[in-house]
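Q: Hey, got a minute to walk me through this model? I'd like to start with the ligand surroundings and then move on to the fold.

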Amino acid sequence: MYFHALIPFKPVNPKTRLSCVLDQEEREAFARCMLDDVIGAVLKSGCSATLLCTDPFEHEDALIAVRREPLNDAINWALPQFHCPALIIMADIPLVRAGDIQRLVSTAKDMAIVPGRGGGTNAIFLKKPRCFRADYYGASFLDHMRIAEECGFSVEVIDSYRMSTDMDEKEDLVELLIHGRGKSREFLERLGFALSIEKGRVGVKRRSHEETL
Ligand SMILES: Nc1nc2c(ncn2[C@@H]2O[C@H](COP(=O)(O)OP(=O)(O)OP(=O)(O)O)[C@@H](O)[C@H]2O)c(=O)[nH]1
Ligand SMILES: C[C@H](OP(=O)(O)O)C(=O)O
């Protein structure tokens, strides 16, 4: 079935938690590459994409709505306008594939939710979006489960490595370098990022800087 994906996107000064390894221009380019990977998976899954952007932005494969208010206010402005099921999916999950999205939108429950690592929420599929309210930040997964209960929704929690892995901190880049197939992995490699395999957990290093991050 055909669904509409709402993708919040912050094109200006995004991903500040990656400032230790990427400057602002690089973070903006990285965010665009991740967005391209996510939009690619969304379209391939048969859904359409609308970006909810904090600033003016253009994308040949998506509709754009510019909403300057904070994330939750922007989503909660959009949700009541849906008269059909809707998918909210974050732009920083570049490992996502079309099959993952198809699994999400084919849930038999009223809502399917994908937790993000560290307490967040990376995707929510809502059969009745007008009844729901977004509450991102903090332990948003728990907050969204509570709101679903208040709405009387049945819920499927989707266990998906690829959709749960968002690129928030430098350690997350390890997953992208190992499992990524799209533009964002290529982008990191072009900047000189590579795995740093020493003892303990695998890390990343940026070869151009000759330093282990
Ligand atoms: N519309 C909208 N989208 C946002 C906003 N803040 C973040 N996003 C998007 O929401 C998703 C998850 O956001 P975060 O992981 O917090 O990304 P971020 O704010 O760029 O990263 P940090 O600066 O490191 O917190 C990404 O798709 C962002 O592009 C906002 O204020 N408005
Ligand atoms: C928006 C926020 O993202 P995180 O900071 O957890 O990546 C959340 O998922 O609630």
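A: Sure. One term up front: a residue counts as near a molecule if its C-beta atom, placed from the backbone, lies within 6 Å of it. Also keep in mind that this is a predicted model.

Q: Fine. Which residues surround ligand 2?

A: The shell is made of Gly 116, Gly 118, Gly 120, Thr 121, Tyr 136, Tyr 137, Ser 140, Asp 166 and Asp 168.

Q: And how does the shell around ligand 2 split up by class?

A: Five of the residues are polar, two are nonpolar and two are charged.

Q: OK, changing topic. How many helices and strands does the protein chain have?

A: Seven helices and 10 strands. The radius of gyration is 17 Å, close to the 17 Å from the globule rule for 213 residues, so the chain is as compact as a globular protein of that length.

Q: What does the C-alpha trace span along its principal axes?

A: About 55 × 35 × 30 Å. As for burial, 37% of the 213 residues count as buried.

Q: Now the sheet: what's the strand order?

A: The order is E3-E2-E1-E4-E6-E5-E7, in an open sheet of seven strands with mixed pairing.

Q: Why is one side of E3 and of E7 left without a neighbour in the sheet?

A: Strand E3 (63-66) and strand E7 (155-157) stand at the edges, and each has a single partner strand, so there is nothing from the sheet on the other side. On average, neighbouring strands of this sheet are turned by 20° against each other, ignoring direction.

Q: How many bridges join E2 to E3?

A: Four, and the two strands run parallel; E2 covers residues 48-53. To pick out one pair, Cys 53 has Val 66 in E3 as its bridge partner.

Q: Which strands does helix H3 touch?

A: Helix H3 (residues 98-105) packs on the sheet against E4 (86-89), E5 (111-115) and E6 (121-126), and its direction makes about 50° with that of E6. Helix H4 (residues 140-151) also packs on the sheet, touching E5, E6 and E7, with about 20° between its direction and that of E6.

Q: Last one. Do E8 and E9 pair in the parallel or antiparallel sense?

A: Antiparallel, over four bridges, with E8 at residues 193-196 and E9 at residues 203-206. Leu 195 has Val 204 in E9 as its bridge partner. The two strands form a hairpin with six residues between them, and Gly 200 in the turn has a positive phi of about 75°.

Key: Residues are numbered from 1 along each chain as its sequence is written. Chains are lettered from A and ligands numbered from 1 in the order in which they are written. This is a predicted model: local features need pLDDT of at least 70, side-chain atom pairs count only at pLDDT 80 or more; totals for chains, interfaces and linings use all residues. Ala, Val, Leu, Ile, Met, Phe, Trp, Tyr, Cys and Pro count as nonpolar, Asp, Glu, Lys and Arg as charged, and the others, Gly among them, as polar. Two strands pair if DSSP finds at least two bridges between them. Axes are lines fitted to C-alpha atoms, for helices over the stretch in contact, and angles run from 0 to 180 degrees between N-to-C directions. Two residues are in contact if their C-beta atoms, placed from the backbone, lie within 7 Å. The radius of gyration is taken over C-alpha atoms; the globule rule is 2.2 Å times the number of residues to the power 0.38. A residue is buried if 20 or more other C-beta atoms lie within 10 Å of its own, exposed if 12 or fewer, and partly exposed in between; C-beta atoms are placed from the backbone.
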